[in-house]
Amino acid sequence: MSILGRWRGGDLDRLLDADHAALQASVKSLLERAGWIAAAEVTFNERGERGSIDLLAFHSATGALVVVEIKTVIADVQGLLRPLDIKVRLAAVIARRIGWNARIVVPCLVVAEGTTTRRRLDDHAPLFARFVRRGHEARRWLRAPGSEVARPMLLLQKLPPSRGTSVRRAGRQRVRVSGAAASVGSGSEPGKSRPIRA
């Protein structure tokens with residue numbers, strides 16, 4: 001059984017897309033300030049696998065390549081980790097086509113900060129245990145990446161820059177209800193419309 005949740009038409013999708021794009025731009029800026037070359041939405045079709053990488057970043061001085069997966073919501077944990085593993089496995093081949101010769105491929109999971117995210121990470125702690133460098137430690141590595149053979153696993157929790165404005169933009173709206181629907185339990189005259197807060 002497949003259940004599709006909808007909220008105010010396409011507003012929910014637009015909110016999620018806006019937060020994802022804002023988070024993506026924020027991380028891209030963070031990487032570039034640290035000396036990485038970063039490319040967004042890098043598509044691939046390799047060995048029967050196809051898709052796109054949210055951010056692919058290369059550090060030319062060390063040959064480190066970071067595969068960034070960005071999530072505003074952690075819903076399906078397996079559906080998050082498996083695609084990331086596939087992208088990491090194919091990343092060196094994808095990077096060579098751009099002209100980047102990677103010596104180490106590093107997975108980096110970026111999730112939107114919030115109580116729900118923290119709860120999901122805690123609830124599935126064993127599955128996320130491999131992301132040993134988190135928060136400040138992950139940022140330190142990005143600022144000065146090493147070339148160690150055992151690749152680090154990075155996890156960052158960031159607040160999307162546009163989150164506050166996005167919520168307000170899609171929040172309270174005025175709508176009109178007319179006809180019988182307006183008169184039910186309202187004491188208003190049938191046929192007349194009145195504004196309500198949504």
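Q: How many salt bridges does a search of the whole structure find?
A: A search through the whole structure, which is a predicted model, turns up six salt bridges.

Q: OK, which residue does R97 form a salt bridge with?
A: R97 pairs with E46, and the closest N and O atoms of the two are 2.4 Å apart. This pair links distant parts of the chain, since R97 sits in helix α2 and E46 in strand β1, 51 residues apart.

Q: And is E46 buried or exposed?
A: E46 counts as buried, because its relative accessibility is 9% and the cut-off for buried is under 20%. R97, on the other hand, has 64% relative accessibility and so counts as exposed.

Q: What about K87, which residue does that one form a salt bridge with?
A: K87 forms a salt bridge with E69, with 2.9 Å between the closest N and O atoms. Here too the pair links distant parts of the chain, with K87 in helix α2 and E69 in strand β3, 18 residues apart. Salt bridges with shared partners also join E69, K71 and K87 into one network.

Q: How far apart, N to O, are K71 and E69 in their salt bridge?
A: The side chains of K71 and E69 meet at 3.8 Å, N to O. Within this network, E69 is buried with a relative accessible area of 5%, K87 is buried at 9%, and K71 counts as partly exposed at 25%.

Q: Switching topic: how many aromatic pairs are there?
A: The count comes to three aromatic pairs. In one of them, the rings of W36 and W141 have centres 6.0 Å apart and planes at 40°, so the pair is tilted. W36 lies in the loop between α1 (11–33) and β1 (37–46), while W141 lies in helix α5 (residues 135–143), so the pair ties together parts that are 105 residues apart in sequence.

Q: Is W36 buried or exposed?
A: W36 is buried, with a relative accessible area of 4%, and W141 is buried as well, with a relative accessible area of 4%. The rings of F128 and F131 also pair, with centres 6.3 Å apart and planes at 40°, so this pair is tilted, and both of these residues are buried.

Q: Last one, which residues gather in a patch of positive charge on the surface?
A: The patch brings together R47, R82, R89 and R96. Among them, R89 is found in helix α2 (residues 77–98), and R89 is partly exposed, with a relative accessible area of 48%.

Note on methods. Residues numbered from 1 in each chain as written. Predicted model: local features only at pLDDT ≥ 70, side-chain atom pairs only at ≥ 80, totals over all residues. Heavy atoms only, no water. Patch = residues over 30% accessible without salt bridge, like charges linked within 9 Å, V, L, I, M, F, W, Y side chains within 5 Å. Areas by Shrake-Rupley, 256 points an atom, 1.4 Å probe, with all protein chains shown as cover. Salt bridge = Lys/Arg side-chain N within 4 Å of Asp/Glu carboxyl O. Lys, Arg positive; Asp, Glu negative; His and termini not counted. Charge placed at Lys NZ, Arg CZ, Asp CG, Glu CD. Helix = DSSP H or I, 4+ residues; strand = E, 2+ residues; numbered from the N terminus. Buried < 20%, exposed > 50% of the residue type's maximum accessible area, 1.4 Å probe, protein only. Phe/Tyr/Trp six-rings, centres within 6.5 Å; stacked < 30°, edge-to-face > 60°.
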